[in-house]
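Colleague: I should like to learn how such a model is read. May we look at it together?

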Amino acid sequence: MKMTFRWYGEGDSIPLSYIRQIPGMSGVVTAVYDIPVGEVWPMDRILRLKELCDQNGLEMEVIESVPVHEDIKLGRPTRDRLIANYAETIRNLGKVGVKCICYNFMPVFDWLRTNLHTVAPDGSNSLSYCHDELMRLDPHDLHLPGWDESYTSDELNTLLDSYKDMSHDTLFDNLVYFLNGIMPACDETGINMAIHPDDPPWDMFGLPRIITGMESYNKLFTAVPNPHNGITLCTGSLGAGRGNDMVAMARLLAPRSYFAHLRQIRHEGELDFCESGHLTESGSLDMFGIVKALVESGFDGYVRPDHGRNIWGEDGKPGYGLYDRALGATYLYGLFEAVEKMR
Ligand code: DNO
């Protein structure tokens, strides 16, 4: 296991020199943030990030994310050029020692929450999701907390319309087409692709979502057996689905999990949840059981603490402040050490 920390590049208010001081930290998970989706990440931008990491004694072996262009998800004719660009980015990243790329295949939106500052009794605050509240929103005039895509409402409407008749099967076929297109670049560079599950793991605003539970993974590995086709095991995303037994899934999925986002949530209704501190006792997911299952099944990937709360007066980027993620990292590191040494 290698413990990592997400870092939003030079625009991040958390300096690498702080991240380096978190016990057990091997490196950061980062990305080039200002190249338009679909274009090749130029070598000089990648080298700049690598150099900053090197200067701070941190590795840069995981990228989160290289975003997938909507035309690829939609299966449009332009996809072949965009997939070739994606493969080129993979090759460029391979040149600086990147080993794993996290990406997602969610149409239009990435993760969705309805509140970014839900206050807990201890005074900390965190992200939460209330399904009824989300359903009351008008997808054509959306103002979602934390959703940082910069579509104008016209663009958003056109995009939503393009997905109108898209079935789950078609979206899945488009994912397979994409993966088959980039696997040669992964074979060449040794880079593992790690798809992030849909967050939360159910359809949104009529848009299909296809990486939601065990069945999705069985289908995915059958369709693209290449071992470079792997996953990001995100416990908070998958765990929001009551049907997902995260300990059992960690055990089954460990061999194809190249990256793990270990995050805690507390179920608050059939579909509602609130993010909480990483400890097992802080939420609904058995974090100890998940780590134990991963270790016992030979997990050898990258781990990062995921969304942290705002604590100690910090007003961090939602989910990505310093303090609570640092606490999460040391807690997780301790769990791994204990489980590994007791084997
Ligand atoms: C949220 C993150 C996601 C993740 C992407 C991966 O905090 O876990 O935004 O980075 O879905 O592509």
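Colleague: Which elements cover the buried residues of helix 10?

Modeller: Helices and strands are DSSP runs numbered from the N terminus (H or I, at least four residues; E, at least two). The cover of the buried residues of helix 10 includes helix 8 (214-223), strand 8 (229-234), helix 9 (235-239), strand 9 (257-262) and helix 11 (287-296). This is a predicted model, in which local features need pLDDT of at least 70, side-chain atom pairs count only at pLDDT 80 or more, and totals for chains, interfaces and linings use all residues. Residues are numbered from 1 along each chain as its sequence is written, and side-chain values use heavy atoms, with hydrogens and water left out.

Colleague: Which residues of helix 10 are buried?

Modeller: Buried means under 20% relative accessible area, exposed over 50%, and partly exposed in between (1.4 Å probe, protein chains only). In helix 10 (residues 246-253), the buried residues are M246, M249, A250 and L253. Viewed down the axis, they fall within an arc of 105° and so line one face of helix 10; the arc is taken from the directions from the helix axis to the C-beta atoms.

Colleague: Is T89 buried or exposed?

Modeller: T89, in helix 4 (residues 79-95), counts as buried because its relative accessibility is 1%. Contact means heavy atoms within 4.5 Å. Leaving aside neighbours within four places in sequence, T89 is in contact with E39, V40, W41 and V66.

Colleague: Where is W312 placed?

Modeller: W312 is in the loop between strand 12 (302-305) and helix 12 (323-342). With 63% relative accessibility, W312 therefore counts as exposed.
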